[in-house]
Amino acid sequence: LQFKEVGGTMDAGAFPVGLVDVGQVLGHNATSGLFEPFTDAGTYDDFAILNVDFINDGVNDTVVGELIVRGSVYNAKLIGVTNKFKAATPMIRYVSE
């Protein structure tokens, strides 16, 4: 795996309050400068997969150091992955078996 060297800041208002699980697929919102859960309808300038859990209080943005940008991941362990996300992340190999 290769991680985003500078990590990333998660948008507290974009995630549900409580535990955010490892495997969440993320898009970087260029307007806010923060990562949020990826959706096919969103417009993003960067993409990553969360490799650690974090607790979101819904108010304070959280800095996360392990955002996968390259490597092999188990497709079944991902949260919110779509074909559009896969197309936007050619350096990630999605393993099904």
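This is a short walk through a predicted model, with a suggestion at each stop for what to select next.

**Stop 1: strand 4**

Start by selecting residues 25-29, which form strand 4. This strand is mostly covered, with five of its five residues buried. Turn on the side chains and look at which way they point: Val25, Gly27 and Asn29 go one way, Leu26 and His28 go the other, and all are buried.

Now add residues 34-37, strand 5, which runs antiparallel to strand 4 and is joined to it by four bridges. To find one of the pairings, pick Leu26, whose bridge partner in strand 5 is Pro37. The two strands form a hairpin with four residues between them. While you are in the turn, click on Gly33, where phi is positive at about 80 degrees.

**Stop 2: across to strand 6**

Next, select strand 6, residues 46-50. Strand 4 pairs with strand 6 too, in the antiparallel sense and over four bridges. His28 is a handy marker here, as it stands opposite Asp46 in strand 6.

Stay on Asp46 for a moment. Which residue forms a salt bridge with Asp46? Show Lys4 and you have the partner, with the closest N and O atoms 2.7 Å apart. This pair ties together distant parts of the chain: Lys4 sits in the loop between strand 1 (2-3) and strand 2 (8-10), 42 residues from Asp46. There is no need to hunt for others, since the count comes to one salt bridge. Asp46 itself is partly exposed, because its relative accessible area is 25% and the partly exposed class runs between 20% and 50%.

**Stop 3: strand 9 and its partners**

Select residues 67-74 to bring up strand 9. Three pairings can be visited from here.

- Strand 1 pairs with strand 9 in the antiparallel sense over two bridges; look for Gln2, whose bridge partner is Arg70.
- Strand 6 runs antiparallel to strand 9 and is joined to it by two bridges; Ile49 has Ile68 as its bridge partner.
- Strand 10 runs parallel to strand 9, with four bridges joining them; Val73 stands opposite Tyr94.

Switch to a cartoon view and add helix 1 (83-88) and strand 10 (92-95). Together with strand 9 they make a right-handed β-α-β unit.

**Stop 4: Thr89**

Within that unit, zoom in on Thr89, in the loop between helix 1 and strand 10. Is Thr89 buried or exposed? Thr89 counts as buried because its relative accessibility is 7%, and the cut-off for buried is under 20%. Its side chain makes a polar contact with the side chain of Tyr94, at 2.6 Å. Setting aside neighbours within four places in sequence, Thr89 is in contact with Phe47 and Tyr94.

**Stop 5: the nonpolar cores**

Phe47 and Tyr94 lead straight into the last selection, as both belong to the largest nonpolar core. Show Val25, Phe38, Tyr44, Phe47, Ile49, Ile68, Val73, Leu78, Phe85, Ile92 and Tyr94 as spheres, 11 residues in all. Strand 6, strand 9 and strand 10 are the elements that give two or more residues to this core.

Pick Phe38 in this group and display its surroundings. Beyond its neighbours within four places in sequence, its contacts include Val25, Tyr44, Phe47 and Phe85, as well as Gly80, Thr82 and Lys84.

To finish, colour Met10, Phe15, Val20 and Leu67 differently. They are among the 10 residues of another core, which lies apart from the largest one.

Methods
Residues are numbered from 1 along each chain as its sequence is written. This is a predicted model: local features need pLDDT of at least 70, side-chain atom pairs count only at pLDDT 80 or more; totals for chains, interfaces and linings use all residues. Side-chain values use heavy atoms; hydrogens and water are left out. A salt bridge is a side-chain nitrogen of Lys or Arg within 4 Å of a carboxyl oxygen of Asp or Glu. Buried means under 20% relative accessible area, exposed over 50%, partly exposed in between (1.4 Å probe, protein chains only). A polar contact is a pair of N or O atoms within 3.5 Å; within protein, one must be able to donate a hydrogen and the other to accept it, and residues adjacent in sequence count only if both atoms are side-chain atoms. Contact means heavy atoms within 4.5 Å. Two strands pair if DSSP finds at least two bridges between them. A crossover is right-handed if, with the strands pointing away from the viewer, the path from the first strand over the helix to the second runs clockwise. A nonpolar core is a set of buried Ala, Val, Leu, Ile, Met, Phe, Trp, Tyr and Cys residues joined through side-chain atoms within 4.5 Å.
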